Amino acid sequence: MNHYSRRRALKMIGLVAVATASGHLLPLPRLSAAQPQAPLTGLDDFIHVSRLLTQQDDLSPALAHALMLALTQTHNAFARDLTTLNALLQNQPGLLQQARLTFAPEDAASEALAKAILSGWYTGVVGKGKSALYVTYVNTLSSQLVSDKVVPPGFAYGPVGSWAKQP
């Protein structure tokens, strides 16, 4: 049986009191992953432009929300450029029929935004270098397009030992 001295008991009580107080004085940042999404202005336009660019109709609204948040943080004047890109794609539908998405030199900002949107949907990463934001890994369009044959790296195909049998 351990016998604690009065000094050691006071130290332990003081440590608990300081730890409790620091939790109230220095709170951790709020977690936002499980919280409901606040509505974004322009989300419908973003989904519409994304559908035109990706030529996919079944885009995830939750992923669109996350991508739009990331793009607003990494792309200056995102709302203005999105409106310009939307108008450009509506007025020139031939842009989407090209084998490679290329814009006129005066539409360089729209081209950069279109490539950033496509990159976000297909890779799950928005931005480059130190300002890059990681949005998703499994839910990217590149993973969904090959999901009938390929499992994303780092994920198991099935129950334990299922990898041992040849396909």
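Trainee: Which residues make the nonpolar surface patch of about 310 Å²?

Mentor: Tyr 134, Tyr 137 and Val 138 make that patch. Bear in mind that this is a predicted model.

Trainee: Where does Val 138 lie, and what makes Val 138 partly exposed?

Mentor: Val 138 lies in the loop between strand E2 (133-134) and helix H6 (141-145). Its relative accessible area is 34%. Buried means under 20% and exposed means over 50%, so Val 138, at 34%, counts as partly exposed.

Trainee: Let's zoom out for a moment. How many helices and strands does the protein chain have?

Mentor: Six helices and two strands. Read from the N terminus, the order of elements is α-α-α-α-α-β-β-α. As for burial, 26% of the 167 residues count as buried. The chain exposes about 12400 Å², with carbon and sulfur atoms supplying 60% of that area.

Trainee: Now the helices. Why is H2 called roughly perpendicular to H3?

Mentor: The axes of H2 and H3 come within 10 Å and cross at roughly 105°. Angles of 65 to 115 degrees count as roughly perpendicular, so H2 is roughly perpendicular to H3. On the H2 side the contact is made by Leu 43, Phe 46 and Ile 47. H3 brings Pro 61, Ala 64, His 65, Leu 67, Met 68 and Leu 71.

Trainee: And what makes H2 roughly perpendicular to H5?

Mentor: Use the cut-off again. The axes of H2 and H5 come within 10 Å and cross at roughly 85°. The range is 65 to 115 degrees, so H2 is roughly perpendicular to H5. Phe 46, Val 49, Ser 50, Leu 53 and Thr 54 of H2 make the contact with Ala 114, Ile 117, Leu 118, Trp 121 and Tyr 122 of H5.

Trainee: Ser 50 is in that list. Is Ser 50 buried or exposed, and how do you know?

Mentor: Ser 50, found in helix H2, has a relative accessible area of 0%. Buried means under 20%, so Ser 50 is buried. Leaving aside neighbours within four places in sequence, Ser 50 is in contact with Gln 55, Leu 59, Ile 117 and Trp 121.

Trainee: What about Gln 55: buried or exposed?

Mentor: Gln 55 sits in the loop between helix H2 (43-54) and helix H3 (61-74). Its relative accessible area is 55%. The cut-off for exposed is over 50%, so Gln 55 is exposed.

Trainee: What is the phi of Gln 55, and why point it out?

Mentor: The phi is positive, about 60°, although Gln 55 is not a glycine. It gets a mention because most residues other than glycine have a negative phi. Ala 77 also has a positive phi, near 55°.

Trainee: Where is Ala 77, and what makes Ala 77 partly exposed?

Mentor: Ala 77 lies in the loop between H3 and helix H4 (78-91). Its relative accessibility is 34%. That value is neither under 20% nor over 50%, so Ala 77 counts as partly exposed.

Trainee: One more: how far apart are Lys 115 and Leu 53 in sequence and in space?

Mentor: They are 62 residues apart in sequence and 9.1 Å apart in space, C-alpha to C-alpha. Lys 115 belongs to helix H5 (residues 108-123). With 41% relative accessibility, Lys 115 counts as partly exposed, because the value falls between the 20% and 50% cut-offs.

Methods
Residues numbered from 1 in each chain as written. Predicted model: local features only at pLDDT ≥ 70, side-chain atom pairs only at ≥ 80, totals over all residues. Heavy atoms only, no water. Patch = residues over 30% accessible without salt bridge, like charges linked within 9 Å, V, L, I, M, F, W, Y side chains within 5 Å. Areas by Shrake-Rupley, 256 points an atom, 1.4 Å probe, with all protein chains shown as cover. Salt bridge = Lys/Arg side-chain N within 4 Å of Asp/Glu carboxyl O. Helix = DSSP H or I, 4+ residues; strand = E, 2+ residues; numbered from the N terminus. Buried < 20%, exposed > 50% of the residue type's maximum accessible area, 1.4 Å probe, protein only. Contact = heavy atoms within 4.5 Å. Axes fitted to C-alpha atoms, helices over the stretch in contact; angles between N-to-C directions. Parallel < 35°, antiparallel > 145°, perpendicular 65-115°, else oblique.
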